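Work through the exercises below with the sequence and the model in view. Try each task before reading its solution.

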Amino acid sequence: FRKAKFPERVRIGICWQVDRDEDTRCFLLDLKEYSDRIRSVFLHHSDARGPCFARALIQRDLFQGEDFYLQLDSHYRMAEEWDEELIAQLAQCPSDKPVLTTYPSSYTLPDDYSPGGPD
């Protein structure tokens, strides 16, 4: 949300594959101001069946017909104004149903990272 040019237009669907008791550090960010735009499904990690299954759950249970659909993994980092950049790239595609795809570069959090801080 923070790096989007228009965060009010962003909707997020998350499939958490965690143990809510053991993985409390995954929930340290205060996202209350965005809560009306975040949809979640929770699976205990022992019930997880991999990223393809999680993506299928998101599409089936959380997608609500938005005009644009971006699918990525949790370790991804966004560029400033990423939303406008992706829409501009889609506009350059000569198709009624364009698809942008990439294999993102690796990313490791800094050793001194604290949740909610700059990454």
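The exercises go from the whole chain to its aromatic rings, and the model they use is a predicted one.

**Exercise 1. Describe the confidence and the fold of the protein chain.**

Solution.
Step 1. Start with the confidence: the protein chain has an average pLDDT of 89, and 97% of the residues reach at least 70.
Step 2. Go on to the elements: strand β1 (residues 12–18) has the lowest mean pLDDT among them, 92, and helix α2 (residues 82–91) has the highest, 95.
Step 3. Count the elements: the protein chain holds 2 helices and 2 strands, in the order β-β-α-α along the sequence.
Step 4. Add the overall extent: the C-alpha trace spans about 50 × 35 × 30 Å along its principal axes.

**Exercise 2. Classify the ring pair of F1 and Y34, and decide whether each residue is buried or exposed.**

Solution.
Step 1. The structure has 5 aromatic pairs. In one of them, the rings of F1 and Y34 lie 4.1 Å apart, centre to centre, with 5 degrees between the planes.
Step 2. Planes under 30 degrees apart count as stacked, and the pair of F1 and Y34 is stacked.
Step 3. Locate both residues: F1 is in the segment before β1, and Y34 is in the loop between β1 and β2. They are 33 residues apart, so the pair links distant parts of the chain.
Step 4. Buried means under 20% relative accessible area. F1 has 17% and is therefore buried; Y34 has 8% and is therefore buried.

**Exercise 3. Do the same for W16 and F42, then look at what surrounds them.**

Solution.
Step 1. The ring centres of W16 and F42 are 6.2 Å apart and the planes are at 15 degrees, so this pair is stacked.
Step 2. W16 belongs to strand β1 and F42 to strand β2, 26 residues apart; this pair, too, links distant parts of the chain.
Step 3. Partly exposed covers the range between 20% and 50%. W16, at 22%, is therefore partly exposed, and so is F42, at 34%.
Step 4. Ring pairs join W16 and F42 with F27 in a cluster.
Step 5. R20 lies over the face of F42, 3.5 Å from the ring centre.

**Exercise 4. How far from the ring centre of F53 is the charged end of R49?**

Solution.
Step 1. Find the ring of F53: the charged end of R49 sits over it.
Step 2. Read the distance to the ring centre, which is 3.9 Å.

Terms used: Residues are numbered from 1 along each chain as its sequence is written. This is a predicted model: local features need pLDDT of at least 70, side-chain atom pairs count only at pLDDT 80 or more; totals for chains, interfaces and linings use all residues. Side-chain values use heavy atoms; hydrogens and water are left out. pLDDT is the predictor's confidence in each residue, from 0 to 100. Helices (H or I, at least four residues) and strands (E, at least two) are DSSP runs, numbered from the N terminus. Rings of Phe, Tyr and Trp (its six-membered ring) pair if their centres lie within 6.5 Å; planes under 30 degrees apart count as stacked, over 60 as edge-to-face and the rest as tilted. Buried means under 20% relative accessible area, exposed over 50%, partly exposed in between (1.4 Å probe, protein chains only). A charge sits over a ring if NZ of Lys or CZ of Arg is within 6 Å of the ring centre and within 35 degrees of the ring normal.
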